[in-house]
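Biologist: Could you take me through the terms used for this model, setting each value against its cut-off?

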Amino acid sequence: MKERLSFVIAAGLAVAGAHAQDGYPISTDRPSFSDGTGIVPMGRWQIESGFTFTKVDKSEFKTFGEFLLRYPLHERVELRLSNLSYGRANVAGGGGSGWLDPVVGVKYRFQTGVTGKTPDLAVIAQTSLPMGDRDFRTDAHQPTLKFAGYYQADADDGFGWNVVWSRLGSDPSDFDQWAFGGYWSRTVNAKTGAFAEIYHLTPVSNGGADATYADFGVVYLLDKATQVDFRVGSGFDQKRDGWFVGAGIGFRF
């Protein structure tokens with residue numbers, strides 16, 4: 001996860017010799033809600049992927065792929081193509097399946113932190129593209145701005161946060177959503193990390209209620225360029241907001 005942890009599930013991409021083994025271990029924006037401040041090193045690119053199962057009362061939702069492609073344009077700037085996912089919903093009275101709207105954006109890290117002194121700070125600007133299948137498409141661009149911070153307290157413990165604004169839905173039912181998230185990450189050993197996170201959405205839907213979620217998980221480095229993750233989480237109002245479980249993998253090339 002963030003800065004010291006990260007990762008996702010992407011079958012079929014095991015091209016061993018192509019992985020970038022030099023430099024620091026891979027850092028991904030998976031698997032938590034909050035995005036990190038890290039930028040993929042120049043001369044490399046990164047792919048992250050995964051699967052999530054969500055249960056809300058009697059309804060079930062699955063997303064497959066969850067691809068995030070990251071390519072550096074500068075040592076402080078990266079191009080991002082995300083939400084490349086196939087979704088399947090089973091709800092009372094029906095369901096649906098298809099591709100979700102992809103999201104394109106950039107991340108800019110404007111401050112590099114110093115352990116125990118100052119945090120990393122970054123901003124992410126992105127928007128969805130109304131190109132998904134009918135069951136999951138929103139017929140409008142949905143812009144998002146994220147302010148991300150990460151403070152490495154010492155060799156083992158770090159703390160991160162996100163403040164997020166999104167314009168969701170489409171005219172005339174579009175609305176502003178704010179999200180606030182914070183997480184703690186812990187380096188267990190040279191290959192294993194753990195994290196815990198809490199985040200709040202206000203509102204979840206147009207005219208709907210707010211919701212708060214918590215999740216925790218682990219990440220494991222297979223090598224410096226390959227990391228896997230597992231997470232589980234729940235809404236505080238489980239009957240209304242449900243629970244979820246997911247796993248994934250990330251590769252740096």
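Modeller: Let me begin with the polar contact, which is a pair of N or O atoms within 3.5 Å; within protein, one atom must be able to donate a hydrogen and the other to accept it, and residues adjacent in sequence count only if both atoms are side-chain atoms. The model is predicted, so local features need pLDDT of at least 70 and side-chain atom pairs count only at pLDDT 80 or more, while totals for chains, interfaces and linings use all residues. Residues are numbered from 1 along each chain as its sequence is written, and side-chain values use heavy atoms, with hydrogens and water left out.

Biologist: What makes the approach of Lys107 to Gly36 a polar contact?

Modeller: A polar atom of the Lys107 side chain lies 2.9 Å from the backbone oxygen of Gly36, and because the limit is 3.5 Å, the pair counts as a polar contact.

Biologist: Why is Lys107 called buried?

Modeller: Buried means under 20% relative accessible area, exposed means over 50%, and partly exposed is in between, with a 1.4 Å probe and protein chains only. Lys107 has a relative accessible area of 0%, and is therefore buried. Its place is in strand S5, residues 103-111, where a strand is a DSSP run of E with at least two residues, numbered from the N terminus.

Biologist: How do you know that Tyr150 is buried, and what does its side chain contact?

Modeller: Tyr150, which lies in strand S7 (residues 143-152), has 3% relative accessibility and so counts as buried. Its side chain makes a polar contact of 3.3 Å with the side chain of Ser185. Tyr150 and Asp120 are 30 residues apart in sequence, yet their C-alpha atoms are 5.1 Å apart in space.

Biologist: What makes Trp178 and Phe180 a stacked pair?

Modeller: Rings of Phe, Tyr and Trp (its six-membered ring) pair if their centres lie within 6.5 Å, and planes under 30 degrees apart count as stacked, over 60 as edge-to-face and the rest as tilted. The structure holds 11 aromatic pairs. In one of them, Trp178 and Phe180 are 6.4 Å apart centre to centre with 10° between the planes, so both values meet the criteria for a stacked pair. Trp178, at 40% relative accessibility, counts as partly exposed, and so does Phe180 at 39%.

Biologist: Why is the pair of Tyr199 and Tyr213 called stacked, and which parts does the pair tie together?

Modeller: Their centres are 5.3 Å apart and their planes differ by 20°, so this pair too is stacked. Tyr199 lies in strand S10 and Tyr213 in strand S11, so the pair ties together parts that are 14 residues apart in sequence. Both Tyr199 and Tyr213 are buried, and with Phe33 they form one aromatic cluster.

Biologist: How do you know that S10 and S11 pair?

Modeller: Two strands pair if DSSP finds at least two bridges between them. S10 (residues 192-202) and S11 (residues 211-223) have 10 bridges in the antiparallel sense, and therefore count as paired. Ala194 stands opposite Val218 in S11. S11 also pairs in the antiparallel sense with strand S12 (residues 226-235), over 10 bridges; these two strands form a hairpin with 2 residues between them, and Asp223 has Thr226 in S12 as its bridge partner.

Terms used: Helix = DSSP H or I, 4+ residues; strand = E, 2+ residues; numbered from the N terminus.
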